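Work through the exercises below with the structure at hand. Each task is followed by a stepwise solution.

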Amino acid sequence: MSFHSLPLVIHDIRATEAVLNRIYDAAKIGLKGDNLALAAGLLPKTYRQLCELDPLAKLAEDKGRAEGEMALTQVLHTAALEGDAKVALEILKHQHGWVAKQAI
């Protein structure tokens, strides 16, 4: 069998605007890895290749993740500023490394 008889399949991997938007949307709600790829309509292998070949794909993921975190952080900070002590304590512990004093 020679290479002339092998079927040639060219798989074009490009970060179109629609693909970038789907990546952004999936990352914004917290999806990662294979789940992010599948939610964006890509096979995991294809998504990894796309990130290697087109830096905009990784940027879309990073931007989506950052904006999702920012939106939820704003909700938590608003709740804390409006008097939700439990949320305020969670922000202090997780974002600022605060630990309550322990009495022995």
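Helices (H or I, at least four residues) and strands (E, at least two) are DSSP runs, numbered from the N terminus. With that rule, the chain reads α-α-α-α-α along the sequence. This is a predicted model: local features need pLDDT of at least 70, side-chain atom pairs count only at pLDDT 80 or more, and totals for chains, interfaces and linings use all residues. Residues are numbered from 1 along each chain as its sequence is written, and side-chain values use heavy atoms, with hydrogens and water left out.

**Exercise 1. The chain as a whole**

Task: Count the helices and strands in the chain, then give the percentage of buried residues.

Solution.
- Step 1. The chain has five helices and zero strands.
- Step 2. Apply the burial rule: buried means under 20% relative accessible area, exposed over 50%, partly exposed in between (1.4 Å probe, protein chains only). Of the 104 residues, 22% are buried.
- Step 3. Turn to contacts (heavy atoms within 4.5 Å). Take the contacts with a separation of 6 or more; residues 24 or more positions apart account for 50% of them.
- Step 4. Add the surface, using the Shrake-Rupley method with a 1.4 Å probe; for residues, only the protein chains shown count as cover. The chain exposes about 8,200 Å², and carbon and sulfur atoms supply 61% of that area.

**Exercise 2. The nonpolar core**

Task: Which residues have the most contacts inside the largest nonpolar core? Which helix supplies the largest share of this core?

Solution.
- Step 1. Set the rule. A nonpolar core is a set of buried Ala, Val, Leu, Ile, Met, Phe, Trp, Tyr and Cys residues joined through side-chain atoms within 4.5 Å.
- Step 2. The largest such core has 14 residues, and I23, L36, L42, Y47 and L50 have the most contacts inside it.
- Step 3. At least two core residues come from each of α1 (17-28), α2 (33-39), α3 (44-53) and α4. The largest share, five residues, belongs to α1.
- Step 4. Follow Y47. Leaving out residues up to four places away in sequence, Y47 touches I23, L36, A37, L42, A57 and E61.

**Exercise 3. The two faces of α3**

Task: Which residues of α3 are buried, and what covers them?

Solution.
- Step 1. The buried residues of α3 are P44, T46, Y47 and L50.
- Step 2. Check their directions from the helix axis to the C-beta atoms, which define the arc. The arc covers only 160° around the axis, so these residues sit on the same side of α3.
- Step 3. The cover over these buried residues includes α1, α2 and α4.
- Step 4. Look at the face turned away from the buried side. There α3 carries the exposed residues K45, E52 and L53.

**Exercise 4. E61, buried and charged**

Task: Where is E61 found, and with which residue does E61 form a salt bridge?

Solution.
- Step 1. E61 is in helix α4 (residues 55-81).
- Step 2. Its relative accessible area is 10%, so E61 is buried.
- Step 3. Beyond four places in sequence, E61 touches I23, A27, L36 and Y47.
- Step 4. Search for a salt bridge (a side-chain nitrogen of Lys or Arg within 4 Å of a carboxyl oxygen of Asp or Glu). E61 pairs with R65, with the closest N and O atoms 2.7 Å apart.
- Step 5. Both residues lie in α4, four residues apart, about one turn of the helix. R65 is partly exposed, at 25% relative accessible area.

**Exercise 5. Other salt bridges**

Task: How many salt bridges are there? Which parts does the R48 and D34 pair tie together?

Solution.
- Step 1. The count is five salt bridges.
- Step 2. R48 and D34 meet through their side chains at 3.3 Å, N to O. R48 lies in α3 and D34 in α2, so the pair ties together parts 14 residues apart in sequence.
- Step 3. R48 is partly exposed at 46%, and D34 is partly exposed at 42%.
- Step 4. K63 and E67 form another salt bridge, their closest N and O atoms being 2.4 Å apart. The two are four residues apart in α4, which means a separation of about one helical turn.
- Step 5. K63 is partly exposed at 45%, and E67 is partly exposed at 27%.
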